[in-house]
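Q: Hey, can you walk me through this protein? I'm new to reading structures.
A: Sure, let's look at it together.

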Amino acid sequence: MAYRKLGVDNKHRRSMLANLTKDVIKNGRIITTETRAKEVRKFVDKMITYGKKGDLVSRRKALAFLQNDKEAVKIVFDDLASKYAKRNGGYTRILKLDERRGDDALMVVLELVEE
C-alpha cells in the first residue's frame, strides 16, 4: 500500500496518524492539513470497519493501532459500529478551509459523516 511520508520518520508518522485517528474518533472532527487528513481518513475508515466486524481479532487490531486507548476502541465498537451498520464505507468527509498563515498549507476539516 502506498502512503505519504509526511516529512517525518516512520515512528513519528505512525504515532501521529494514530493520535489523529483517536482524535477523530473521540471528537468527531479535527482541523489539520489536507495531506494529513487524506492519510488519516484511511485509518479512521479501517477502525470503523473493524468495529463493524466486532470479533476479538478486530478488537485486538484496533487496540494495537490506537496504542491501547481503550476509550477510543470502546467508542468504535459500541457507538460508531452501530451508527454506520448500514453504510458501506465513506465514513468521513473532508471540507476545505483557507491556507495556514505561516506556510500556506491548505487546512481542512476531517469529520465523521452524520446519517
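What follows is a short chat about this predicted model, from the overall fold down to single residues.

Q: OK, how many helices and strands are there in the protein?
A: The protein has four helices and three strands. Going along the sequence, they come in the pattern α-β-α-α-α-β-β.

Q: What are the spans of the C-alpha trace along its principal axes?
A: About 45 × 35 × 25 Å.

Q: And how does the radius of gyration sit with a compact globule?
A: It agrees with one: for 115 residues a compact globule would come out near 13 Å, and this protein has 14 Å.

Q: What percentage of the residues is buried?
A: Buried residues are 41% of the 115.

Q: What about the outside, how much area does the protein expose?
A: About 7,100 Å², and carbon and sulfur atoms supply 48% of that.

Q: How many positive and negative charges are there?
A: There are 27 positive and 17 negative charges, and the mean positions of the two sets are 6 Å apart.

Q: Back to the fold. What share of the contacts links residues 24 or more positions apart?
A: Of the contacts with a separation of 6 or more, 57% are between residues 24 or more positions apart.

Q: Let's zoom in on α2. Where is helix α2, and what span should it have?
A: Helix α2 covers residues 34–53. At 1.5 Å a residue, its 20 residues should span 28 Å, and the end C-alpha atoms are 29 Å apart, so the two agree.

Q: Which residues of α2 are buried?
A: The buried ones include A37, V40, F43, V44, M47 and I48, and also charged-looking letters such as E34, E39 and D45.

Q: Is there some rule about which way helix residues point?
A: There is: an α-helix has 3.6 residues a turn, so residues three or four places apart point the same way.

Q: What do the buried residues of α2 pack against?
A: They pack against three helices' worth of labels and the strands too: α1 (10–27), α3 (56–65) and α4 (70–83), plus β1 (29–33), β2 (92–99) and β3 (106–112).

Q: What comes after α2?
A: G54 follows α2, and its phi is positive, near 75°.

Q: Which other residues have a positive phi without being glycine?
A: Two to look at are Q67, with phi near 55°, and D104, with phi of about 60°. Q67 is in the loop between α3 and α4, while D104 is in the loop between β2 and β3.

Q: Are those two buried or exposed?
A: Q67 is partly exposed, with a relative accessible area of 38%. D104 counts as exposed, at 57% relative accessibility.

Q: You listed E34 earlier. Why does E34 count as buried?
A: E34 has 19% relative accessibility, and buried means under 20%, so E34 counts as buried.

Q: What is E34 in contact with, leaving aside its sequence neighbours within four places?
A: K96, L106 and V108. Take L106: E34 and L106 are 72 residues apart in sequence, yet their C-alpha atoms are 5.8 Å apart in space.

Q: New topic: the loop between α3 and α4. What is L66 like there, buried or exposed?
A: L66, which is in that loop, is buried, with a relative accessible area of 0%.

Q: So what does L66 touch?
A: Not counting residues up to four places away in sequence, L66 touches A18, T21, K22, I25, M47, A72 and V73. M47 is also one of the buried residues of α2.

Q: How far is L66 from L17?
A: Their C-alpha atoms are separated by 9.2 Å, and the two residues are 49 residues apart along the chain.

Q: Last one: what about D69, buried or exposed?
A: D69 sits in the loop between α3 and α4 too, and D69 counts as buried at 14% relative accessibility. Leaving aside neighbours within four places in sequence, D69 is in contact with K22, K26 and L63. K22 is also among the residues that L66 touches.

Conventions
Residues numbered from 1 in each chain as written. Predicted model: local features only at pLDDT ≥ 70, side-chain atom pairs only at ≥ 80, totals over all residues. Heavy atoms only, no water. Helix = DSSP H or I, 4+ residues; strand = E, 2+ residues; numbered from the N terminus. Rg over C-alpha atoms; globule rule 2.2 N^0.38 Å. Buried < 20%, exposed > 50% of the residue type's maximum accessible area, 1.4 Å probe, protein only. Contact = heavy atoms within 4.5 Å. Areas by Shrake-Rupley, 256 points an atom, 1.4 Å probe, with all protein chains shown as cover. Lys, Arg positive; Asp, Glu negative; His and termini not counted. Charge placed at Lys NZ, Arg CZ, Asp CG, Glu CD. Expected span 1.5 Å × (residues − 1).
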